[in-house]
Amino acid sequence: MDSMTDDLWAMVLARLPIKIFTGFKLVCKQWKSIVESPFFRDLFIFVHQSSPSSSWSLMCSYCITSEMVGHYQCDTWGLKRSLGSFIESFLTDKYQKSIHGRVRVRAYSDVGLILIHIKSTVMEKGSLYVANPVSRECVEIILDTLPIGFEMKEYRWEWGLVTRTENGYLLGYKIVLFDNKWGDSKLSCLIYSSETGLWSLETLHLPYSLYYRCLGYPISLNGNLHWLSQNMDHQEVVLSMDTYATSTGSVRCRVTPFPDLEKTTKFTRACTTCQGFLVYMNIVDGSKLCLWRLQSEGWQLISEISPDFTLTGLDYLPLMINPLDVKTAYFWSPEKEKLLYINLHNGKFVIHNRLEGRSNGPIMIPVNDPKAMISLSSGIERTYIIERKQFVPFVLPQWLYRIPNNCNTTWMSSDCNPN
């Protein structure tokens with residue numbers, strides 16, 4: 001073993017899941033140096049670039065941590081439990097029963113981080129934490145530096161967590177809150193930056209007024225936040241906020257109407273992410289299953305097929321586009337309790353195999369990744385949430401990003417091997 005060079009060790013370790021090699025940092029200084037090197041990061045991403053899927057979950061947007069769908073046991077991370085399970089165990093172990101009912105996950109990022117809020121009481125201040133529930137890294141955001149004028153009234157504020165990455169490193173993150181009062185063309189935002197450690201109040205201008213109360217959990221992607229909302233004509237739109245726009249004249253907020261507003265659609269409108277883009281899928285005019293992705297100039301149609309009668313008959317509801325594969329979509333049948341995989345290029349579909357013996361919901365085996373598992377929660381509530389798209393996607397990236405720290409945050413945990 002002593003005769004092996006760092007490059008040879010990197011070749012061996014890069015073929016293991018993230019879950020495994022993160023623990024190797026504790027074995028010896030040599031392995032720690034290897035897995036923290038840029039060469040190893042690039043090699044790992046290259047080795048796993050053909051992986052058919054990643055770990056992802058659909059989280060209920062109004063429950064504390066309730067997971068509707070979980071996709072796990074993939075090659076890249078090698079997790080044997082769903083992300084919802086990691087979040088539940090992390091919150092339980094860290095906060096125990098002393099603050100039961102006060103803890104809530106407020107936002108999910110695109111690099112595996114979550115925003116945790118602990119409500120204040122008469123005797124105790126509230127707290128904010130940015131955490132990775134898998135690696136269990138966690139930092140506390142100091143609330144004593146909030147600017148004058150901020151009122152922590154839960155029903156008034158929308159929450160978001162965005163990140164800035166470069167060459168495999170997490171350079172910083174921002175926490176965004178804004179007042180969700182009724183229609184206005186201005187957004188009063190409270191923004192925390194990890195790079196300065198400070199909160200600031202900002203006013204952002206929209207091209208026209210929106211009904212803020214139509215907003216739900218935002219989708220975080222590439223330093224942007226995307227919300228679904230309605231304009232004053234009650235047409236559905238996507239509100240996009242670029243939190244890292246710095247150039248003069250740059251557009252901080254953009255409102256994009258959905259591309260099928262003038263047509264008849266089958267499903268409640270909702271967006272998800274795929275290959276670094278915000279994507280939207282629906283059956284239009286009862287005949288075409290269409291998929292769009294949001295570009296800087298607007299929506300781009302990237303797929304259009306004639307679906308099978310099982311879809312046009314409304315027997316299945318759309319769940320998710322595979323985050324790594326734009327031609328793969330998942331649908332759910334509430335009546336048949338079946339999960340369907342459909343190829344968006346040729347319209348072919350396959351019913352996922354179901355495993356028995358799980359009391360709290362069915363488990364499926366994905367056709368395109370037989371090593372992975374898909375779990376679904378049980379009960380009528382799941383169907384209600386899926387039908388109304390009251391969920392937000394939480395997708396792990398293809399690499400483990402470390403949380404940056406600064407003088408106005410408190411480091412809360414050590415490096416752990418996820419299991």
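The following exchange takes up the helices, strands and loops of this predicted model and the terms used for them.

User: What makes a stretch count as a helix or a strand here, and how many of each does the protein have?

Analyst: Helices are DSSP runs of H or I with at least four residues, strands are DSSP runs of E with at least two, and both are numbered from the N terminus. By that definition the protein has seven helices and 27 strands. Residues are numbered from 1 along each chain as its sequence is written, and side-chain values use heavy atoms, with hydrogens and water left out. Because the model is predicted, local features need pLDDT of at least 70 and side-chain atom pairs count only at pLDDT 80 or more, while totals for chains, interfaces and linings use all residues.

User: Why is strand E1 called largely enclosed?

Analyst: A residue is buried when its relative accessible area is under 20%, exposed when it is over 50%, and partly exposed in between, with a 1.4 Å probe and protein chains only. Five of the five residues of E1 (residues 56-60) are buried, and therefore the strand is largely enclosed by the rest of the structure. Trp56, Leu58 and Cys60 point one way from E1, Ser57 and Met59 point the other way, and all of them are buried. Across the protein, 55% of the 419 residues count as buried.

User: How do you know that E1 pairs with strand E26 and with strand E2?

Analyst: Two strands pair if DSSP finds at least two bridges between them. Five bridges join E1 to E26 (residues 391-395) in an antiparallel run, with Met59 opposite Val392. Four bridges join E1 to E2 (residues 67-72), also antiparallel, and here Leu58 stands opposite Val69. Both counts satisfy the definition, and E1 is paired with E26 and with E2.

User: How do you know that the buried residues of helix H4 lie on the same side?

Analyst: The buried residues of H4 (residues 38-47) are Phe40, Arg41, Leu43 and Phe44. They cover an arc of only 165 degrees around the axis, so they fall on the same side of H4; the arc is that of the directions from the helix axis to the C-beta atoms. What covers them includes H1, helix H2 (18-21), helix H3 (29-35) and strand E8 (169-179).

User: What makes the crossing of H1 and H4 right-handed, and which residues meet there?

Analyst: A crossing is right-handed if the near helix is turned clockwise from the far one by less than a right angle, and left-handed if anticlockwise. H1 (residues 6-13) and H4 pack at an angle of about 35 degrees with their axes 9 Å apart, where axes are lines fitted to C-alpha atoms, for helices over the stretch in contact, and angles run from 0 to 180 degrees between N-to-C directions. H1 passes H4 in a right-handed crossing. With contact meaning heavy atoms within 4.5 Å, Asp7, Ala10, Met11 and Leu13 in H1 meet Phe39, Phe40 and Leu43 in H4.

User: Why is strand E8 called mostly covered, and how is it joined to strand E7?

Analyst: Nine of the eleven residues of E8 are buried, and the strand is described as mostly covered. Ten bridges join E7 (residues 157-166) to E8 in an antiparallel run, and the bridge partner of Thr163 in E8 is Tyr173. The hairpin of E7 and E8 has two residues between the strands, and in it Asn167 takes a positive phi near 50 degrees.

User: Why is Asn222 called exposed, whereas Gln73 is called partly exposed?

Analyst: Asn222 counts as exposed because its relative accessibility is 52%, whereas Gln73 counts as partly exposed because its value is 30%. Asn222 lies in the loop between strand E11 (219-221) and strand E12 (224-231), and has a positive phi of about 55 degrees although it is not a glycine. Gln73 is found in the loop between E2 and helix H5 (83-95), and its phi is near 70 degrees, a positive value in a residue other than glycine.

User: What makes E19 and E22 edge strands?

Analyst: The open sheet has the order E19-E20-E21-E22 with antiparallel pairing, and E19 (317-321) and E22 (349-351) each pair on one side only. Within the sheet, E20 (residues 328-333) and E21 (residues 338-343) pair in the antiparallel sense over six bridges, with Tyr341 in E21 as the bridge partner of Tyr330.
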